Amino acid sequence: MKERAFITLTDKFKDKLFRLAKRLLVSNEEAEDATQEVLLKLWRNKGKMSEYKNVEAFAMTMTKNYCYDKLKGKEAGNLKIVHSNYKDSRPSLQQEVEAKDSLDWVGKIMDELPEQQRLIIQLKDIEQYDNAEIAKMLDINEGAIRVALSRGRKKIREELSKKHNYGIG
Amino acid sequence: MELAKIEKLLEKYFEGETTISEEKELKVYFTRENVPPHLENYKSMFEYFSKESTITATRDLKLSAGKKRKYAWVGIAASIALIAGIFLQKTESSTKHLGTYEDPEIALQETKKILQMVSQYMNEGKQELVYLKEFENTKNKFIK
């Protein structure tokens, strides 16, 4: 496969990889790095590309694994704050007041969700993959996906209504 | 779309049971202008989701594997040229002749001439040092 053909192929889903990495790693820089790494890895193994049924899904899985490895590495190294533009996931009262924009607020709530829920909401609600595709990407069953979706969405709803009530009171 | 249907879909949505097309319906509904106040919270949720799906990566992909090798050759060539250059210069300078005497007699004469000249200059310089004796004399006056 020629370089140009590879780039045209991957450009279709490159942004999805980036968004997934950003969802998990939070930092823009790290997400860019992750995207780059995954695509390079894919390029190096381009000989096997025809064996993959769905290159996009495969790349998404690779990105997920890459990010999980990164996150694990951080925990193991006992480094809590590594990325430069890291935002404290538990906002202070000050930040609560400042986060007037309710869209930002949804993002903050999502950053607090457990990794798996965050990942699945990203794939379903943002990238609009169907459950079967997600199940294959993450190698879990569809029931687990439904449960994670339900929990994650309810959590967002709950936090939003809390915030809404504060706003009135 | 009627409110009752939306509420039903929402219920399903929070149980994680909606299909992609049903979720699309919800998204379309909640990104419109007018949403009843009790559903206002969901609006920000769905708006956030559609906003997030438009984020793009800014860095261009570089598949440098192929190009890197080309540049490696340039590097190797440059270092070979550099080393060769150094060696050539060294051998050149060692073979350079400054001129010499074939006859040992004349060589001796010339060497003597040079040494004489050196000692002459040294003696001339030494004469200036006479003044230093004054220091010695003064010092001896105080320290005995």
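This is a short tour of a predicted model with chains A and B, starting with each chain and moving on to helix packing and a few single residues.

**The two chains**

Let's begin with chain A, which has 8 helices and 0 strands. Reading along its sequence, you meet the pattern α-α-α-α-α-α-α-α. Chain B is built from helices too: there are 6 of them and 0 strands, in the order α-α-α-α-α-α. The table puts some overall values for the chains side by side.

| Chain | Residues | Buried | Accessible surface | Share from carbon and sulfur atoms |
|---|---|---|---|---|
| Chain A | 169 residues | 44% buried | about 9300 Å² | 48% of the surface |
| Chain B | 144 residues | 19% buried | about 11900 Å² | 61% of the surface |

How do contacts spread along each sequence? In chain A, take the contacts between residues at least 6 apart: 64% of them join residues at least 24 apart. In chain B, among contacts with a separation of 6 or more, residues 24 or more positions apart account for 35%.

**The core**

In soluble globular proteins, nonpolar side chains tend to be buried together. Here, the largest nonpolar core has 64 residues. Which residues have the most contacts inside this core? From chain A they are A:Leu42, A:Leu123 and A:Ile156, and from chain B they are B:Leu10, B:Phe30 and B:Phe49.

A:Leu123 is worth a closer look. Leaving aside residues up to four places away in sequence, A:Leu123 touches A:Leu20, A:Met60, A:Gln128, A:Tyr129, A:Ile134, A:Met137 and A:Leu138.

**Two helices within chain A**

Two packed helices are described by the angle between their axes and the distance between the axes. Helix H1 of chain A covers residues 3-25 and helix H6 of chain A covers residues 115-126; they pack at an angle of about 150°, with axes 10 Å apart. Angles over 145 degrees count as roughly antiparallel, so that is the label for H1(A) and H6(A). Their crossing is right-handed.

Which residues of H1(A) and H6(A) meet? On the H1(A) side you'll find A:Arg19, A:Leu20, A:Arg23 and A:Leu24. They meet A:Glu115, A:Arg118, A:Leu119, A:Gln122, A:Leu123 and A:Ile126 in H6(A).

**Where helices of A and B meet**

Now for a pair from both chains: helix H5 of chain A (residues 102-112) and helix H3 of chain B (residues 40-52). Their axes come within 9 Å and cross at roughly 80°, so H5(A) and H3(B) are roughly perpendicular to each other. H5(A) brings A:Ser102, A:Leu103, A:Asp104, A:Val106, A:Gly107 and A:Met110 to this meeting. On the H3(B) side are B:Ser44, B:Met45, B:Glu47, B:Tyr48, B:Phe49 and B:Lys51. You've seen B:Phe49 before, in the list of core residues with the most contacts.

**A few residues to look up**

A:Val26 sits in the loop between H1 and helix H2 (28-44) of chain A. Its phi is positive, about 70°, although A:Val26 is not a glycine.

A:Gln128 is also a non-glycine residue with a positive phi, here about 60°. Look for A:Gln128 in the loop between H6 and helix H7 (131-138) of chain A. Is A:Gln128 buried or partly exposed? Its relative accessibility is 27%, so A:Gln128 counts as partly exposed.

Finally, A:Glu3 lies in helix H1 of chain A. At 29% relative accessibility, A:Glu3 counts as partly exposed. A:Glu3 and A:Trp43 are 40 residues apart in sequence, and their C-alpha atoms are 8.5 Å apart in space.

Note on methods:
Residues are numbered from 1 along each chain as its sequence is written. Chains are lettered from A and ligands numbered from 1 in the order in which they are written. Side-chain values use heavy atoms; hydrogens and water are left out. Helices (H or I, at least four residues) and strands (E, at least two) are DSSP runs, numbered from the N terminus. Buried means under 20% relative accessible area, exposed over 50%, partly exposed in between (1.4 Å probe, protein chains only). Contact means heavy atoms within 4.5 Å. Accessible areas come from the Shrake-Rupley method with a 1.4 Å probe; for residues, only the protein chains shown count as cover. A nonpolar core is a set of buried Ala, Val, Leu, Ile, Met, Phe, Trp, Tyr and Cys residues joined through side-chain atoms within 4.5 Å. Axes are lines fitted to C-alpha atoms, for helices over the stretch in contact, and angles run from 0 to 180 degrees between N-to-C directions. Angles under 35 degrees count as roughly parallel, over 145 as roughly antiparallel, 65 to 115 as roughly perpendicular and the rest as oblique. A crossing is left-handed if the near helix is turned anticlockwise from the far one by less than a right angle, and right-handed if clockwise.
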